[in-house]
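Reader: I'd like a close look at one part of this protein: the charged side chains and who they pair up with. Could you walk me through it in one go?

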Amino acid sequence: MSTLAHVFEAAGLSTIVLASMKEVAERIAPPRTLYCEFPLGRPLGKPGDPDFQTDVIRRGLALLDAPERVFEIHPTVIESDETPMSCAIPPRFDPNLPAAVDEAKGLRAAYDRAVAKRGTTSVGRIIDADQVPAALDVLHQWADGADWKELPVPGGNLIGVCHDIRTYYEEAGLELATGPTPGGRAAEAWFYEATEAGKTVMAARAALKEAEAPFPLWFYMAPAHR
């Protein structure tokens with residue numbers, strides 16, 4: 001964003017950068033920067049806190065009046081919390097199904113409530129919510145040794161399918177979560193560390209790596225640090 005700010009400024013558009021990486025913003029030096037030491041992906045700091053978010057926006061907009069390049073620092077520091085969010089997963093219903101498939105079906109009601117409440121969903125890059133259990137069934141079979149070339153995932157785009165599975169889970173999980181607002185990576189940690197679906201994705205990823213599938217195919221099934 002710091003680089004784009006220079007492009008927009010050259011076209012006559014005034015910009016404000018809410019920077020989350022101080023060193024990068026200092027090096028690229030956009031005209032107006034508000035450095036916010038918040039978790040990555042949360043440029044306004046605190047989810048569900050409109051007063052705090054409004055304060056961040058107002059501090060940023062105030063920089064438009066600066067007569068020269070300005071680099072301000074927001075006074076609040078928010079540490080990243082990667083502790084998995086607290087979320088009760090519905091109990092198993094059909095023991096004859098793979099655990100991840102049964103789990104995904106059990107979360108459907110929570111997912112539907114989340115969509116009704118928000119009026120939108122981010123699931124659907126490749127598959128929709130109805131296809132999540134089937135996609136997990138394929139990943140389960142890969143993890144058990146099935147040939148990934150002979151058994152494709154629904155939609156064909158593995159990276160997009162894994163993204164949709166995780167998004168389905170995170171939207172349902174946030175609907176069920178208890179306690180304080182989850183940290184920046186709390187939902188991610190919950191998915192990979194506490195759910196059968198997350199474990200299945202990682203097991204399928206390991207199986208594809210072992211089978212010498214193309215690197216981009218298996219590596220980007222999950223975040224690089226996983």
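What follows is a walk through the salt bridges, with a short stop at a nonpolar patch.

Author: Happy to. Keep in mind that this is a predicted model. Across the whole structure, a search turns up twelve salt bridges. Let's start with R108, which has two acidic partners to talk about.

One of them is D112: the two side chains meet in a salt bridge, at 2.9 Å from N to O. Why does that pairing make sense along the chain? D112 and R108 sit four residues apart in helix 5, which covers residues 108–118, so about one helical turn separates them. As for how open they are, R108 is partly exposed, with a relative accessible area of 27%, and D112 also counts as partly exposed, at 36%.

R108 has D130 as a partner too, and here the closest N and O atoms are 2.7 Å apart. This pair links distant parts of the chain: R108 belongs to helix 5, while D130 is in the loop between helix 5 and helix 6 (132–143), 22 residues away. Is D130 buried or exposed? With a relative accessibility of 57%, D130 counts as exposed, because the cut-off for that label is over 50%. R108, at 27%, falls in the partly exposed class.

Now jump further along the chain to E193. E193 forms a salt bridge with R226, and their closest N and O atoms are 3.0 Å apart. E193 lies in helix 8 (residues 186–194) and R226 in the segment after helix 10 (215–219), so the bridge ties together parts that are 33 residues apart in sequence. Both ends are partly exposed: E193 has a relative accessible area of 45%, and R226 comes in at 26%.

That pair isn't on its own, either. E193 and R226 belong to a network of salt bridges that also links R166, E170 and E188. If you're clicking through the model, those five residues are worth showing together.

For contrast, here's a spot built from nonpolar side chains. M1, L4, V7, F8 and L13 form a nonpolar patch on the surface, and together they have about 510 Å² of accessible area. Take F8 from that group: its place is in helix 1, which spans residues 2–10. F8 is partly exposed, with a relative accessible area of 36%. That clears the bar for joining a patch, because patch residues need over 30% relative accessible area.

Technical notes:
Residues are numbered from 1 along each chain as its sequence is written. This is a predicted model: local features need pLDDT of at least 70, side-chain atom pairs count only at pLDDT 80 or more; totals for chains, interfaces and linings use all residues. Side-chain values use heavy atoms; hydrogens and water are left out. Patches are made of residues with over 30% relative accessible area and no salt bridge: like charges are joined within 9 Å, nonpolar side chains (Val, Leu, Ile, Met, Phe, Trp, Tyr) within 5 Å. Accessible areas come from the Shrake-Rupley method with a 1.4 Å probe; for residues, only the protein chains shown count as cover. A salt bridge is a side-chain nitrogen of Lys or Arg within 4 Å of a carboxyl oxygen of Asp or Glu. Helices (H or I, at least four residues) and strands (E, at least two) are DSSP runs, numbered from the N terminus. Buried means under 20% relative accessible area, exposed over 50%, partly exposed in between (1.4 Å probe, protein chains only).
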